[in-house]
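Colleague: Could you take a close look at one part of this model for me, the side of one chain that touches its partner? I would like the chain itself sketched too, and then a word on its tail end.

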Amino acid sequence: MNCAEVAELTDLYVVDALPAEQAEDVETHLATCSACQDDVDHAWEVAKLLRVAVPGIEPPSSLRTRIMHLAATEEPTLLRPWAVAPRTRSRPLWSRFPARSHDFRWAATAAVIPFAVSALMGLEIVALQREVSATRSEVESASLALTRSRQSAELATEVMGRVIVMGGAMATVQGTELAPTATGMIYYVPSSQDAILVADGLPRLYGGDVYQLWFVVGEKRMSGGTFNACEDGRCLVVAKAPMPLSSVDTIRVTTEPRGGSDVPHGNGYLWARLKAT
Amino acid sequence: MQPASVSDQALMERVVSRDPSALDVLYERYARAVYSLVYRILGDGSAAEDVVQEVFLKLWKQPESYNAERGALGSWLLSVAHNRAIDQLRRRKSREEHPLPELRESEELVADGALDPADLAGLNEAAAAIRRALAQIPPAQRRAIEMAFFEGKTHVEIAAELDEPLGTAKTRIRLGMRKLRSILEAEGVVTQTA
């Protein structure tokens, strides 16, 4: 292919309209002809502008959350500099008791709950204290979060006390494909409306989204409130169902806009089956 | 410092040092342009999301892929996204009949240096200019260019689809591109041809 032939095809080449063989012939010529390469570079200027000529469409907010979650989880070295240590996924405490020994398992789980709550608080305090070194505004927001965390933990302890006294139940919480490493437990008294959700591995949310807990009965989905996970993906949530939990089939956690939704619109991140099938 | 005032270069340095908040700012800055382009090519929101995800995770996992000396970051992201989307479109259309080679790493890592908006404002100005220019060329020429650039069709396929002689499809693309260049040169958006 000579210069005249390439000149005839330059515009087609830059918009990718040439069949592969013809494009290769052009490239072979360009590799040895700087004059034709200059012409192609000029033509490229126009072709590249075409990429921004399309109508603007806003990507869904869940895409941002997904990408940031994947960025944070696919690369272990991405932990923030102040992270204490990489977290290894050991078996949770509740799974270390034999399933068939139900009473023992329940009693043991109940016994560790105050410790778990304390540990969660401790972790939050450590995390928050590290952030205090940043700015004054960060100190204020951290203090507020700490207060809420303590209130949440105190409430959780109170509910858990009732759970223990009244004979409670628990169910394993699983992450969906959007939170594949998430895991947790939900503790509740079937005849009451209070439940405690403890989970970790939740991705950080962006764009003002929050997590929202739903109680599912048949086709009905009733809000149990919104919450944010801690920086390290953990959460401790005390939720109140609008009916006794014995009639709830499953609980689900979705992402919704700040303030929550009347019905779930966002992607699911956690779920647990409460009622045995 | 507000995110909007941080340069792409500074954000890329933070990406290299593994600061996820920098990636988040870059996503905020360019995701709409990248998603819009990919959606235009693939016509499928789910597939477009996958490509956008791939592009930004590539930026995160291989920040050294982007060479600032070769062009603006927005241009590079659009270049990688365009290549990925067209590649996916062609594989989807005729994987068995016309197998395409996988993109070589060197092809996708080279930044397109010609379009060089210094920042997001440059990108938006470029978008307005090319839209104005496209509106001024004959619809048949515009359509032929779009079929090639956004639908991954060769001039042979375009001629067949429009039921026109091969030479007509080629001429439409060539004339359309030259008119676009002429308009954009007059606006000072692209450099004057020597």
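Modeller: Happy to! Along chain B, the elements read α-α-α-α-α-α-α-α-α from the N terminus, which makes 9 helices and 0 strands. Please keep in mind that this is a predicted model. Of the 194 residues in chain B, 42% are buried. If you take the contacts in chain B between residues at least 6 apart in sequence, 66% of them join residues at least 24 apart.

Now to the part you asked about. The contact between the two chains draws on 52 residues from chain B and 38 residues from chain A. On the chain B side, at least two residues each come from helices H2 (20-42), H3 (45-61), H4 (73-94), H6 (120-136), H7 (139-149), H8 (155-162) and H9 (166-186). H2(B) gives the largest share of that side, with 12 residues. By residue type, the side of chain B that touches chain A splits into 31 nonpolar, 12 charged and 9 polar residues.

As for the tail end, have a look at B:Thr191, which sits in the segment after H9 of chain B. B:Thr191 counts as partly exposed because 13 other C-beta atoms lie within 10 Å, while a residue is called exposed at 12 or fewer and buried at 20 or more. You can also place B:Thr191 relative to B:Arg181: the two are 10 residues apart along the chain, and their C-alpha atoms are separated by 9.1 Å.

Methods:
Residues numbered from 1 in each chain as written. Chains lettered and ligands numbered in written order. Predicted model: local features only at pLDDT ≥ 70, side-chain atom pairs only at ≥ 80, totals over all residues. Helix = DSSP H or I, 4+ residues; strand = E, 2+ residues; numbered from the N terminus. Contact = placed C-beta atoms within 7 Å. Nonpolar A, V, L, I, M, F, W, Y, C, P; charged D, E, K, R; others polar.
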